[in-house]
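Thank you for sending this model for comment. My remarks are set out below as numbered points, to be read beside the coordinates.

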Amino acid sequence: MNRCLAIFAYSRSFHLPTTRITGTLLYSHVAGPLNQKTYALALCRLLSYTPPHHRRPPDPDDPSNLMREDGVSVCSQMWIENFREPDRTVTNSTSFLRRFELWVLSYQKVCADEIGTYVPRSAIQRSALEDLLVLRNAVLDGRFKWGARLDFFIKSPKDKTDYASLSKRKIKAILTTTQPAAFQDKIVQEVLFLILEPVYESRFSQKSFAFRPGRTAHTVLRVVRRSFAGYLWYLKGDLSTVLDGMKDSFVIGALMRDVRDKKIVDLIKSALTTPVIKTAVEPPKKKTKRKHQKKRVLAEDEPKPDPYWLDTFFGFAPEEAEKQPSWGHCGILSPLLANVCLDELDRWVEGKIKDYYSPSKSDVIWNSPEGEAEQGNTSWPEFVPTSGPDKTRKMDYVRYGGHILIGVRGPRADAATLRKQLVEFVDQKYMLKLDNDSLPIEHITKGIMFLDHVLCRRVVYPTLRYTATGGKIISEKGVGTLLSVTASLKQCIKQFRKLQFLKGDRDPDPQPCFRMFHATQAHTNAQMNKFLSTMVEWYRYADNRKKIVNFCSYILRGSLAKLYAAKYKLRSRAKVYKIGARNLSRPLKEKKGSSPEYHNLLRMGLVESIDGLQYTRMSLVPETDYSPFPNNWRPDHEKALLEYINLEDPQRLDEQRSLINEQGLISPQDYISMLVWNYKRNALPVDHQLSISSTASITATEQTLLSGVENQTSTEEHMEHRTTTRLIAAQM
């Protein structure tokens with residue numbers, strides 16, 4: 001009985017149904033003494049009992065419940081909405097700022113930059129998601145502060161510092177010296193960039209090309225080659241001082257023309273106004289001879305340093321692309337904000353282009369009243385035939401970052417008037433003083449330097465062939481000008497000298513690249529081949545591509561030959577070329593009689609395969625890319641967006657459906673299927689003998705069957721054929 005009471009009390013404490021348990025125990029007590037086996041079975045049932053599970057409502061603060069969609073699909077939705085209505089004022093960006101999917105996507109992008117590898121969403125730890133949610137809530141509640149040094153809502157996966165145990169000296173050093181942007185600042189910048197980029201990409205002018213997706217320096221060169229043929233006077237302006245910084249009020253005013261969301265504007269305003277702590281620049285110390293140091297081993301989550309060829313190539317960046325804007329704590333938002341501010345200049349110049357256009361009927365290239373017609377020969381757009389004295393007056397403009405290029409076809413006085421108006425506009429709008437020296441007017445014959453390429457004009461005399469009234473083909477010599485875009489050899493030498501690959505101007509002499517001294521011959525050649533491949537791609541649209549790439553190959557080959565001569569003690573470059581061949585593909589360290597031949601070692605897998613240097617001869621360099629460039633060019637992602645929006649329009653969809661119902665699908669495949677269907681439907685079983693005897697009648701029958709519906713005389717068959725065609729079209 002004591003056992004029954006104990007189990008009853010145990011079950012009452014857990015709110016268990018006691019009727020069944022106590023009844024069984026009492027029955028056992030009445031029938032006889034409770035045996036050990038029955039008692040053990042009852043106790044196991046009791047202990048294994050689990051109360052019924054009641055489903056709880058989802059926790060709104062659980063990060064897993066907030067990720068309903070993929071971050072990329074949310075971004076796509078924003079791009080589609082903004083390109084569908086590019087002129088609307090944005091007032092509801094805070095709703096996207098609340099989307100946790102964008103924060104996770106930003107975290108993945110920043111982590112990829114920090115640790116060098118992409119982290120899938122399924123691999124993000126729950127603690128990181130919780131910290132990310134806290135950061136999002138702090139931004140929405142106004143508790144987030146830019147440039148924090150000690151208090152973080154979320155830390156980088158690389159940051160293992162315990163800030164609570166730091167000494168006062170280290171804390172003071174952190175608070176008073178220049179520090180890289182905090183990890184949480186980069187995440188907030190990335191989220192703002194994801195929200196604002198589609199808003200302004202749908203509004204920006206097609207004349208600006210820097211700091212925008214799908215538009216590169218190559219795009220500018222192709223646009224210049226396509227659209228600037230025939231211009232005589234050029235204005236080249238440098239507004240890069242605007243990229244150093246602008247007044248906060250002007251930036252916020254330019255931003256609020258299109259974005260009126262208070263939360264977004266306040267975040268960017270605080271990023272611009274929060275002071276950035278910078279250490280005073282100290283004079284460089286004298287270099288001291290360092291002792292031998294051990295090779296540093298990278299940590300597991302530490303990204304590898306940039307390869308030598310990539311680091312070297314960035315030294316070849318043109319002057320127009322060297323300066324990157326950095327305003328306050330905006331980070332990656334700074335280039336976007338710079339384009340927002342300079343967009344007013346683009347719109348102003350576009351208005352001047354429309355006002356200045358004056359077509360002439362006697363001009364052979366631009367004589368359309370709208371000014372949008374194709375120019376001259378579309379297969380050779382850089383060729384401009386010479387016309388009479390009365391020419392069309394026209395103007396064009398491109399901007400790459402803070403550098404502008406304006407081409408004018410007309411008298412020099414018009415270019416001078418435009419320069420005066422441009423100086424007044426920049427002074428009034430951007431508070432920037434320009435003079436005639438900073439906006440020179442140059443003639444095309446002198447050559448205009450832009451993006452390390454020289455724009456010049458060549459007079460050519462092509463043979464023009466045309467058909468006379470009698471059908472006779474007449475050939476005669478024509479006169480015209482050809483726009484030439486050539487790579488600047490002077491700029492190339494300047495860049496090589498800056499990277500310490502050569503010395504001298506008139507007769508450049510290659511210098512050994514001792515930075516690769518401890519690398520193997522195979523690794524060194526592979527690095528230089530990547531660098532040469534990148535240079536070939538950079539000069540892809542230059543008229544003198546073969547010459548400039550051959551010069552780069554000569555400099556790099558001479559530099560490597562001097563390096564190998566010093567490394568393997570071979571005295572001169574001639575000795576290196578004699579052993580290693582012209583492209584340095586043969587091994588230089590093996591000596592005769594001391595080791596097996598290189599081919600035997602390579603076959604046994606004991607040595608690396610050495611690739612020779614590329615483009616050692618001018619004939620190996622690819623030709624210049626002269627592929628035609630469309631007049632109203634757009635990047636591929638913008639064309640896809642506009643096409644998707646056009647197809648999604650319900651009015652256009654109804655038009656397409658009505659056309660299909662009325663006309664059917666008229667394509668070669670549909671036409672063939674119609675012929676085959678008519679033949680099978682109208683074919684009659686004909687006796688073999690009759691077919692042999694009446695060949696003429698069979699020929700007539702085949703012509704009738706293959707002619708389709710138009711040759712049938714019966715109205716019923718005609719209607720039946722139309723119905724069948726519509727059914728086939730609908731099925732296809």
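The points that follow go from confidence and overall make-up to single helices and then to single residues.

1. Confidence. This is a predicted model, and the chain averages a pLDDT of 78, with 74% of the residues scoring at least 70. Confidence is lowest in helix 2 (residues 18–31), where the mean is 39, and highest in helix 10, where it is 94. Over residues 1–34 the pLDDT is below 50, and beyond near neighbours in sequence this stretch has 26 contacts in the model. At the other end, residues 725–732 also stay under 50, and the model gives them 8 contacts beyond four places in sequence. Where pLDDT is low, the predicted coordinates should not be read in detail.

2. Overall make-up. The secondary structure of the chain comes to 28 helices and 12 strands, and of its 732 residues 41% count as buried. Among contacts in the chain with a separation of 6 or more, 74% are between residues 24 or more positions apart.

3. Helix 8. With 16 residues (126–141), helix 8 should span 22 Å at 1.5 Å a residue, and its end C-alpha atoms are indeed 22 Å apart, which agrees. Its buried residues are Ala 128, Leu 129, Leu 132, Leu 133, Leu 135, Arg 136, Ala 138, Val 139 and Leu 140, a list in which the arginine may catch the eye of a reader going through the side chains. These buried residues pack against helix 4 (63–66), helix 6 (94–97), helix 7 (100–115), helix 10 and helix 13 (262–273). Just after helix 8, Gly 142 takes a positive phi of about 85 degrees.

4. Helix 19. The 18 residues of helix 19 (521–538) reach 26 Å from the first C-alpha to the last, close to the 26 Å expected at 1.5 Å a residue. Of these 18 residues 13 are buried, so helix 19 is largely enclosed by the rest of the structure.

5. Helix 23. The 13 residues of helix 23 (636–648) should span 18 Å at 1.5 Å a residue, and the end C-alpha atoms are 18 Å apart, in agreement with that value. Which residues of helix 23 are buried? They are Glu 638, Leu 641 and Ile 645, and they cover an arc of only 60 degrees around the axis, which puts them on the same side of helix 23. The general reason is that an α-helix has 3.6 residues a turn, so residues three or four places apart point the same way. What covers the buried residues of helix 23 includes helix 5 (71–84) and helix 10 (183–201), whereas the face turned away from the buried side carries the exposed residues Asp 636 and Leu 647.

6. Asp 625. This residue lies in the loop between helix 22 (598–603) and helix 23, and at 16% relative accessibility Asp 625 counts as buried, because the cut-off for that class is under 20%. Its side chain joins that of Arg 540 through a polar contact of 3.0 Å, and the side chain of Asp 625 also reaches the backbone nitrogen of Ser 627 at 3.0 Å. Leaving aside residues up to four places away in sequence, Asp 625 touches Arg 540, Tyr 541 and Arg 545.

7. Asn 339 and Thr 467. Asn 339 has its place in helix 16 (residues 333–356) and counts as buried at 1% relative accessibility. Not counting residues up to four places away in sequence, Asn 339 touches Phe 204, Ala 210, Phe 211, Arg 212 and Arg 399. Thr 467, in strand 8 (residues 463–467), counts as exposed at 54% relative accessibility, and with the same exclusion of residues up to four places away Thr 467 touches Lys 472 and Ile 473.

8. Cysteines. How many disulfides does a search of the whole structure find? The search finds 0. For Cys 552, the closest cysteine sulfur is that of Cys 492, at 3.7 Å, which is too far for a bond, given that a disulfide requires the two sulfur atoms to be within 2.5 Å. Cys 552 is buried, at 0% relative accessibility, and Cys 341 is likewise buried, with a relative accessible area of 0%.

How values were computed: Residues are numbered from 1 along each chain as its sequence is written. This is a predicted model: local features need pLDDT of at least 70, side-chain atom pairs count only at pLDDT 80 or more; totals for chains, interfaces and linings use all residues. Side-chain values use heavy atoms; hydrogens and water are left out. Helices (H or I, at least four residues) and strands (E, at least two) are DSSP runs, numbered from the N terminus. The expected span of a helix is 1.5 Å times one less than its number of residues. Buried means under 20% relative accessible area, exposed over 50%, partly exposed in between (1.4 Å probe, protein chains only). The arc is that of the directions from the helix axis to the C-beta atoms. Contact means heavy atoms within 4.5 Å. A polar contact is a pair of N or O atoms within 3.5 Å; within protein, one must be able to donate a hydrogen and the other to accept it, and residues adjacent in sequence count only if both atoms are side-chain atoms. pLDDT is the predictor's confidence in each residue, from 0 to 100.
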